Amino acid sequence: MMKAFFRRAYTVMEVRTGFATGLPILSGGLFGAYLSGNLKLLPLLFFFISGFSFNIVANVANEIRGYLKAEEDESTFTYHKGSEGLVRGEATLKDAWIVLAGFFLLASGSGLMVVLLTRSLLVLMMGVIGALAAVTYSLGPKPYIVYPIGEAVSGFLVGGVSSWISTYLQVGHITTEGTLYAVIPMIMTVFLMSTNNTSDYEKDKGSRVTLPHVIGFRNSIKILIPEGIVMVVCWISLYLLGGITWWMMLTGLVIFYEYGYRRWYKDYYKIQEVYPTMGREWGPRPLLLIYSFNLILGIEFLIMRMVGR
């Protein structure tokens, strides 16, 4: 019985994007440990669980909205086993609400543990904002996913603030290096949201007004260029300020080129109009960039922390 429930639950969780919050928290915390020379493991662990879980809450909320509003059909399915379970009939609405409530409790409990460990009102305040954002992303009378601010809000909270707070927890105070570093995952999250919204350009008409509807399909692809330039400038600035080593800077630039340009944007930029399988083909590309950057740089920060800065 429980095994069957967990199998159904998985189909509405979109676990792979949970790491879009979890990994920036991980790398941001390890960056903070590298800067301070001291790894505070428990706050990092509980914050990772909290951020990952709140992302799942937002994912399930989006699944519920898509089902209730009948926004999905066979032409828009990605056929990823970890998503679209409601609209494909692989999970029930009750399953989805149970998953949402369970992960909300897990996220809130883990977040409160971080507050208790750090005694930080800043963390408490940002945690409350994050909890509200996870739910109101797709649910409630005015979900912000249906407005042009969705990309900016998600980028700021999911990638930027989560990484920034994670660095702050390790260092103990706000730093220029931590702020610059947080810009990187923030823009990567914007890339992820933007690619999904651009791919859903036609599907969303009549139900949502996202940024691509305001600035146009091609402009929603072109706008990633200045955003990417800002990301690279922040990364190089970190090196010039002494926040990262030359080989860390080089690693990051190689990742930007390989996973940001060669495996994604080089061909993505050439798309002239939306087509049915666009989301299925291009949606995972910025997620791969998020994975590779945060995991590889996180490992480098950890190694440098272990051997001594």
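**Exercise 1. Placing a glycine**

In which loop is G85 found? Work out its setting, and bear in mind that this is a predicted model.

*Solution.*
- Start with the position: G85 sits in the loop that runs between helix 3 (41–68) and helix 4.
- Next, check the exposure. The relative accessibility of G85 is 0%, and buried means under 20%, so G85 counts as buried.
- Now list the partners, skipping residues up to four places away in sequence: G85 touches T11, V12, E63, E90 and A91.
- Finally, look at a pair that is far apart along the chain. G85 and M13 are separated by 72 residues in sequence, yet their C-alpha atoms are 8.7 Å apart in space.

**Exercise 2. The overall fold**

Take a step back and describe the whole chain: how many helices and strands are there in the protein chain?

*Solution.*
- Count the elements: the protein chain has 13 helices and zero strands.
- Write them out in sequence order and you get α-α-α-α-α-α-α-α-α-α-α-α-α.
- Then turn to compactness. The radius of gyration is 19 Å, close to the 19 Å that the globule rule gives for 309 residues, so the chain is as compact as a globular protein of that length.
- For the dimensions, the C-alpha trace spans about 55 × 45 × 35 Å along its principal axes.
- How much is tucked away? Of the 309 residues, 52% count as buried.
- The accessible surface comes to about 14100 Å², and carbon and sulfur atoms account for 69% of that.
- Last, the contacts: among those with a separation of 6 or more, 79% are between residues 24 or more positions apart.

**Exercise 3. Two helices crossing**

Describe how helix 1 and helix 4 pack: at what angle do their axes cross, and which residues make the contact?

*Solution.*
- Two packed helices are described by the angle between their axes and the distance between the axes.
- Here, the axes of helix 1 (residues 2–10) and helix 4 (residues 93–118) come within 9 Å and cross at roughly 85°.
- That crossing makes helix 1 roughly perpendicular to helix 4.
- On the helix 1 side, the contact is made by F5, R8 and A9; on the helix 4 side, by D95, I98 and V99.
- Sorted by class, the contact has four nonpolar residues, no polar ones and two charged ones.
- Zoom in on D95, which is found in helix 4. It's buried, with a relative accessible area of 3%.
- Setting aside neighbours within four places in sequence, D95 is in contact with F5 and R8, and both of those belong to the helix 1 side of the contact.

**Exercise 4. Positive phi outside glycine**

E14 and R119 have positive phi values without being glycines. Is E14 buried or exposed, and is R119 buried or exposed?

*Solution.*
- Begin with E14, whose phi is near 50°. This residue lies in the loop between helix 1 and helix 2 (15–36).
- The relative accessible area of E14 is 12%, which makes E14 buried.
- Move on to R119, with a phi of about 55°. You'll find R119 in the loop between helix 4 and helix 5 (121–136).
- The relative accessible area of R119 is 71%; exposed means over 50%, so R119 is exposed.
- Put side by side, E14 is buried, whereas R119 is exposed.

**Exercise 5. Glycines within helices**

Which helix holds G18, and which one holds G298? For each glycine, give the burial and the contacts.

*Solution.*
- G18 has its place in helix 2. With a relative accessible area of 0%, G18 is buried.
- Leaving out neighbours within four places in sequence, G18 is in contact with F52, N55, I56 and N59.
- A useful distance to check: G18 and F54 are 36 residues apart in sequence and 8.1 Å apart in space, C-alpha to C-alpha.
- G298 lies in helix 13 (residues 284–307), and it's buried too, at a relative accessible area of 3%.
- Not counting residues up to four places away, G298 touches S27, L30 and F293.
- To finish, compare sequence with space: G298 and G29 are 269 residues apart in sequence, while their C-alpha atoms are 8.4 Å apart.

Methods
Residues are numbered from 1 along each chain as its sequence is written. This is a predicted model: local features need pLDDT of at least 70, side-chain atom pairs count only at pLDDT 80 or more; totals for chains, interfaces and linings use all residues. Side-chain values use heavy atoms; hydrogens and water are left out. Axes are lines fitted to C-alpha atoms, for helices over the stretch in contact, and angles run from 0 to 180 degrees between N-to-C directions. Helices (H or I, at least four residues) and strands (E, at least two) are DSSP runs, numbered from the N terminus. Angles under 35 degrees count as roughly parallel, over 145 as roughly antiparallel, 65 to 115 as roughly perpendicular and the rest as oblique. Contact means heavy atoms within 4.5 Å. Ala, Val, Leu, Ile, Met, Phe, Trp, Tyr, Cys and Pro count as nonpolar, Asp, Glu, Lys and Arg as charged, and the others, Gly among them, as polar. The radius of gyration is taken over C-alpha atoms; the globule rule is 2.2 Å times the number of residues to the power 0.38. Buried means under 20% relative accessible area, exposed over 50%, partly exposed in between (1.4 Å probe, protein chains only). Accessible areas come from the Shrake-Rupley method with a 1.4 Å probe; for residues, only the protein chains shown count as cover.
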